[in-house]
2 protein chains.
Amino acid sequence: MKRKARIAVFASGTGSNFLAIVKAVKSGLIKAEIAFLLCDNPGAPVIEKAARAGIRSLIVSCGDFPSRESFEAEVLYALRRGRVDLVVLAGFMRMLTPEFLHAFPGRVVNIHPALLPSFPGTHGAADAASYGVRLAGCSVHFVDEIMDHGPVIIQAAVPAIPGEGGEALAARILKLEHCIYPQALSWLAEGRLAIEGRHVRVDGAAPAACGPAALPFLTSPGLEPAFLPTLP
Amino acid sequence: MKRKARIAVFASGTGSNFLAIVKAVKSGLIKAEIAFLLCDNPGAPVIEKAARAGIRSLIVSCGDFPSRESFEAEVLYALRRGRVDLVVLAGFMRMLTPEFLHAFPGRVVNIHPALLPSFPGTHGAADAASYGVRLAGCSVHFVDEIMDHGPVIIQAAVPAIPGEGGEALAARILKLEHCIYPQALSWLAEGRLAIEGRHVRVDGAAPAACGPAALPFLTSPGLEPAFLPTLP
């Protein structure tokens with residue numbers, strides 16, 4: 001039997017996506033194991049969440065290294081020593097170099113709180129609220145050399161309400177992030193994703209599907225039942 | 001009793017959105033009357049559609065005028081003579097000048113086959129297909145000086161399928177365009193829209209709502225029952 005894929009989660013913040021991924025791994029929805037959390041912010045709440053979940057944290061401050069290259073060399077060393085197959089960015093506030101990505105081709109994924117290519121960058125949801133979109137959302141994608149740009153695996157749309165502000169919109173988006181990221185990682189861990197240029201084929205994916213009237217959303221592909229959000 | 005709003009539709013192409021608007025006006029869903037079709041392309045199929053619907057066409061070729069200013073002066077003259085309240089761009093392949101827009105403040109609207117601000121420009125749906133989005137869509141917005149940029153009234157998201165190509169995606173988007181544009185114009189004709197900076201408030205709008213499993217989509221605001229698409 002093939003061994004389970006080993007995941008490293010890179011995060012810099014509160015770690016709510018990290019926690020959603022941990023839960024999906026522990027319940028067997030993602031057929032993988034988490035090698036460690038890598039965090040570049042020693043004060044990030046995600047570190048405490050990892051400790052409670054019994055997951056090893058590796059805290060590496062970029063400032064402790066003489067160069068970005070030496071920082072990434074340390075990270076790559078940890079990934080190899082941990083026999084890591086997949087790098088999962090979950091609110092990791094640092095760009096990875098092309099050299100790093102070449103070391104993990106097609107095996108680094110990210111989630112972004114916007115319907116890419118709209119609103120790339122560090123304030124996706126807030127930028128969408130300021131712009132005045134009526135539909136916002138989130139995207140899981142493979143990472144390439146350009147920020148928030150690689151081939152898209154799954155997207156979810158949620159309504160935006162005029163004047164609600166970025167935080168309320170971000171919270172509504174986050175609820176869907178906690179569904180589509182574990183779903184995408186389950187496909188990835190099972191080897192069901194194929195990158196074909198700018199497109200990602202999902203083997204056996206469900207057709208795009210809507211949420212219930214109480215929680216309107218649209219995801220494409222559709223979420224498998226186990227990954228659907230719980231109703232408010 | 002207040003007189004009905006008078007609409008001029010500007011189009012350059014096949015006129016499918018024009019026809020959807022005409023039908024909604026004739027059935028009383030849009031409480032307005034169509035003053036005329038303005039077309040800047042003498043060979044456009046929309047002209048024949050207008051003739052069949054008994055709607056007057058005004059064909060103005062920009063090339064027949066010495067300058068853009070004189071072209072727009074002619075158009076403005078026609079709008080004033082026709083007591084036009086609202087200018088509705090429906091596949092009109094020409095940018096309007098700031099001077100023109102100042103003459104019709106908050107009374108020029110457009111539809112675009114993408115989830116703006118993604119994929120502005122003349123090939124919205126094809127660009128979305130090439131990019132590899134999983135959710136595409138369309139947007140109705142007020143027109144400002146920047147192409148496909150003004151405050152958004154309503155958006156609809158539809159799934160994109162990897163490798164389906166721009167035409168198939170455009171056709172799926174178009175089906176929703178034919179719903180959200182008449183819906184937006186009905187609100188506009190009834191004076192139910194208020195522009196507040198980058199946001200548009202819709203008086204009495206339904207919450208965002210999803211389509212049925214056979215036709216997955218999400219619109220925000222929700223469509224009133226009369227504006228829902230027919231099932232395939």
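**Exercise 1. Backbone geometry**

Task: In this predicted model, state where B:Pro221 is placed, and describe the peptide bond from B:Ser220 to B:Pro221.

Solution.
1. B:Pro221 is found in the segment after β11 (218–220) of chain B.
2. The bond that leads from B:Ser220 into B:Pro221 is cis, its omega being near -5 degrees.
3. Turning to chain A, A:Pro221 belongs to the segment after β11 (218–220) of chain A. A:Ser220 and A:Pro221 are likewise joined by a cis peptide bond, with omega about -5 degrees.
4. A further backbone feature concerns A:Phe119, which is not a glycine and yet has a positive phi of about 55 degrees. A:Phe119 sits in the loop between β5 (108–112) and α5 (124–131) of chain A.
5. These features can be set against the usual pattern: most residues other than glycine have a negative phi, and most peptide bonds are trans.

**Exercise 2. The relation of the two chains**

Task: Determine by what turn and what shift chain B can be laid on chain A, and identify the residue of chain B that comes closest to the rotation axis.

Solution.
1. A turn of 180 degrees, with a shift of 0.0 Å along the axis, lays chain B on chain A with an RMSD of 0.0 Å.
2. The two copies are therefore related as by a two-fold rotation axis.
3. B:Ser118 is the residue of chain B that comes closest to this axis, its C-alpha being at 2.5 Å.
4. Both copies use the same surface, since 100% of the contact residues of chain B recur in chain A.

**Exercise 3. The interface**

Task: Describe the interface of chain B and chain A by its contact residues, its buried area and its salt bridges.

Solution.
1. Contact involves 38 residues of chain B and 38 residues of chain A.
2. The size of an interface is often given as the accessible area lost when the parts come together. Here chain B and chain A bury about 3,000 Å² between them, and 61% of this lies on carbon and sulfur atoms.
3. Of the area that chain B buries against chain A, 25% is supplied by B:Tyr131, B:Arg134 and B:Leu135, more than by any other three residues.
4. Zero salt bridges are found across the interface of chain B and chain A.

**Exercise 4. Salt bridges**

Task: State how many salt bridges the structure holds over all chains, and explain which parts the pair of A:Glu33 and A:Arg6 ties together.

Solution.
1. Side chains of opposite charge can pair when their charged atoms come close.
2. Over all chains, the structure holds 18 salt bridges.
3. One salt bridge is formed by A:Glu33 with A:Arg6, whose closest N and O atoms are 3.0 Å apart.
4. A:Glu33 lies in strand β2 (residues 32–39) of chain A and A:Arg6 in strand β1 (residues 5–11) of chain A, so the pair ties together parts that are 27 residues apart in sequence.

**Exercise 5. Cavities**

Task: How many cavities of 30 Å³ or more does a search of the whole structure find, and which residues line the largest cavity?

Solution.
1. The search finds two cavities of 30 Å³ or more.
2. The largest cavity has a volume of about 70 Å³. Residues of chain A, including A:Ala114, A:Phe119 and A:Val133, line this cavity together with B:Leu115, B:Leu116 and B:Pro117.
3. Strand β6 (residues 135–142) of chain A gives the most to this lining, with three residues. By class, the lining has ten nonpolar, two polar and no charged residues.
4. The second largest cavity has a volume of about 60 Å³. Among its 13 lining residues, B:Leu115, B:Ser118, B:Phe119, B:Val133 and B:Leu135 lie nearest its centre.
5. Strand β6 (residues 135–142) of chain B supplies the largest share of the second lining, three residues. That lining divides into ten nonpolar, three polar and no charged residues.

Technical notes. Residues are numbered from 1 along each chain as its sequence is written. Chains are lettered from A and ligands numbered from 1 in the order in which they are written. This is a predicted model: local features need pLDDT of at least 70, side-chain atom pairs count only at pLDDT 80 or more; totals for chains, interfaces and linings use all residues. Side-chain values use heavy atoms; hydrogens and water are left out. On a 1 Å grid over the protein atoms alone, a cavity is a set of points where a 1.4 Å probe fits but cannot get out, and a pocket is an open set with protein on both sides within 12 Å along at least five of seven lines; lining residues have an atom within 4 Å of a point. Grid points are joined across faces, edges and corners, and a volume is the space filled by probe spheres set on the points. Helices (H or I, at least four residues) and strands (E, at least two) are DSSP runs, numbered from the N terminus. Ala, Val, Leu, Ile, Met, Phe, Trp, Tyr, Cys and Pro count as nonpolar, Asp, Glu, Lys and Arg as charged, and the others, Gly among them, as polar. Copies are superposed by least squares on the C-alpha atoms of residues with pLDDT of at least 70 in both. Contact means heavy atoms within 4.5 Å. Buried area is the accessible area (1.4 Å probe) that two parts lose on being put together, summed over both. A salt bridge is a side-chain nitrogen of Lys or Arg within 4 Å of a carboxyl oxygen of Asp or Glu.
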